[in-house]
Amino acid sequence: MHRTRDAQQSGGLPRPSGDRPGPVVPVLAFAGITVAVMQTLLVPVIKDLPVLLDTDPADATWVMTATLLAGAVATPIMGRLGDLYGKRRMLLLSLAVMVVGSLVCASTDELVVMIAGRALQGFAMGAIPLGIGIMRDELPRERLGSAMALMSSSIGVGGGLALPAAALVAQHTDWHALFLGSAGLGAVAMALTLAFVPEPPLRAPGRFDHVGALGLSAGLVLLLLPVTKGGDWGWTSPTTLGLLAASLALLVLWGLFELRAPAPLVDLRTTARREVLLTNLASIMVGVAFYAVSLVLPQLLQLPASTGYGLGQSMVVAGLCVAPLGLTMMFVAPLYARISARRGPKVSLLIGMAVIAAGYLAGLGLMNAAWQTVLIAVVLGAGIGLAYSSLPALITGAVDPSETGAANGLNTLMRSLGTSVSSAVIGMVLADTSVRAGSVELPSMEGFRISFLIAAGAVLVGMVLAAFLPAHRPSAHPVPLASGTDGAAASAGASPLAPAGGTGARPR
């Protein structure tokens, strides 16, 4: 690993000061929640989009797909740009792009323009790894664990809280008000960031890898397009198979290029390190589990009672029943910090995934009343909150501080990949097990239960992967960051709760 210019001048990495203004953590968490809202902003009106945009259902899904694709591309790229040119600066840029995208969407009923605006909204997902990077650079050790947990959980918190709020707005006002509201949230987040969040002095050496960014972006788009649209195109259609083959070939070429690049967008050698690789693979499984509940519960709640299993609730009530998913994720951040401080983030990740599996398996028999869905949302929110909170600590503890943004950006991408796979697989299951009610096809209870089993299976696979992560124990001695190979080794042994260059812990 390379030492940064700031570290070279001071003889070590800059230590975070203990007197940083209190609002830094809530402001960054608010920014994370704001950008996460974009993922579920249109869920309450998704079934009405073909009419609202005067298009057919297959084309209307691009309004959701564009946000997903843009977010997947933006997270690793914005993380790397933040490491190079300033995380606060890139955070403000991400929020500004989101505001512009929201205003574009608020002013149009044209499909193509709406897709472009939604892509700009999705671009803001890079704000989450940037916020985690700022926290590592700026916060003292005793505040870092719970702060990163809250920032990481903001993906689920924002998505969960957006459902009832968006449903209320969509049910009582013009649907364009959703975008005006998101623009307002983005503007507030920018103002708070300017007022309370400092620009960390830590910078990564080298230049931005434009070729690597272009190659990764193209590879991700070619991969995620068939994953998200395979149900419409057909999983064995020439288009789906051709795009999957092209993505594989392009990503392999991209990887070979990155291994030879002097300043790669993603350090694949670091990414291949056991702790980083297993954490990223486990993140995909947690992403699959997170999105399953968001797809199943709202539909179950809103299906008419005449089906025999639907709960017949309104759009707003359905959103309120699912909202505890996000609220519980936010409230377990302090619990994560205590578990991680005593046992390490590996243990808290395993506990979180065990709670998720238990929630989904118990949910197989808890689909008969609205209060039961609330219980499922609370249990799953607690488990997902613990799991999501553990991921940035594991990543941050295994990479050089100058790579925090890029590494957490890649980890956020892995979670997004998991949600994309979940959306495609569960969408296919629900479509294949649907039942006819009059002239329409409705999801069946069998499909809902199979979806829960898929989510439980994914998180159990994640537990197996996480079991091979190295364990950590607290150490009272600092681990200095040296240049070259020694620096990489020190970084790999650094405690995930330690500030940049601060107290470390070594794997057992």
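Tyr360 counts as buried in this predicted model, because its relative accessibility is 0%, below the 20% cut-off. Its aromatic partner is Phe452, and the two form an edge-to-face pair, with 5.0 Å from centre to centre and 80° between the planes. Tyr360 sits in helix α18 (residues 345-363) and Phe452 in helix α21 (residues 445-467), so this pair ties together parts that are 92 residues apart in sequence. Phe452 is buried too, with a relative accessible area of 0%.

How many aromatic pairs does the structure hold? There are three. When you look at such a pair, keep two values in mind: a pair of aromatic rings is described by the distance of the centres and the angle of the planes. Another of these pairs joins Trp175 and Phe179. Their ring centres are 5.8 Å apart and their planes stand at 70°, so this pair is edge-to-face, the angle being over 60 degrees. Both Trp175 and Phe179 are buried.

**The chain as a whole**

Let us step back for a moment. The protein chain has 22 helices and two strands. It counts 508 residues, and 59% of them are buried. The chain exposes about 18800 Å², with carbon and sulfur atoms supplying 67% of that area. Now consider contacts between residues at least 6 apart in sequence: 81% of them join residues at least 24 apart.

**Charged side chains under cover**

Searching the whole structure turns up two salt bridges. Which residues are linked in a network of salt bridges? They are Asp83, Lys87 and Asp137. In one bridge, the side chain of Lys87 meets that of Asp83, at 3.7 Å from N to O. In the other, the side chain of Lys87 meets that of Asp137, at 2.8 Å from N to O. This second pair links distant parts of the chain: Lys87 belongs to helix α6 (residues 87-106) and Asp137 to helix α8 (residues 127-138), 50 residues apart.

Are these charged residues buried or exposed? The table shows how each one is classed.

| Residue | Relative accessible area | Class |
|---|---|---|
| Asp83 | 0% | buried |
| Lys87 | 2% | buried |
| Asp137 | 6% | buried |

Helix α6, which holds Lys87, is mostly covered, with 14 of its 20 residues buried. From its first C-alpha to its last, α6 reaches 29 Å, close to the 28 Å expected at 1.5 Å a residue.

**Two helices that come together**

Helix α14 (residues 274-302) has 29 residues, which should span 42 Å at 1.5 Å a residue; its end C-alpha atoms are 44 Å apart, which agrees. Like α6, α14 is mostly covered: 22 of its 29 residues are buried.

Now find Gly418, which lies in helix α20. Gly418 counts as buried, because its relative accessibility is 0%, under the 20% cut-off. Which residues does Gly418 touch, leaving out those up to four places away in sequence? They are Ile284, Gly287 and Val288. Gly418 and Val286 give you a good example of how sequence and space can part ways: they are 132 residues apart in sequence, while their C-alpha atoms are 7.1 Å apart in space.

**A threonine in a loop**

Where does Thr433 lie? You will find Thr433 in the loop between α20 (404-432) and β1 (435-437). Thr433 is buried, because its relative accessible area of 14% is under the 20% cut-off. A polar atom of the Thr433 side chain lies 2.7 Å from the backbone oxygen of Val429. Leaving aside residues up to four places away in sequence, Thr433 touches Ser444, Glu446, Gly447 and Ile450.

Definitions and conventions:
Residues numbered from 1 in each chain as written. Heavy atoms only, no water. Salt bridge = Lys/Arg side-chain N within 4 Å of Asp/Glu carboxyl O. Buried < 20%, exposed > 50% of the residue type's maximum accessible area, 1.4 Å probe, protein only. Helix = DSSP H or I, 4+ residues; strand = E, 2+ residues; numbered from the N terminus. Polar contact = N/O pair within 3.5 Å; in protein donor to acceptor, adjacent residues only side chain to side chain. Contact = heavy atoms within 4.5 Å. Areas by Shrake-Rupley, 256 points an atom, 1.4 Å probe, with all protein chains shown as cover. Expected span 1.5 Å × (residues − 1). Phe/Tyr/Trp six-rings, centres within 6.5 Å; stacked < 30°, edge-to-face > 60°.
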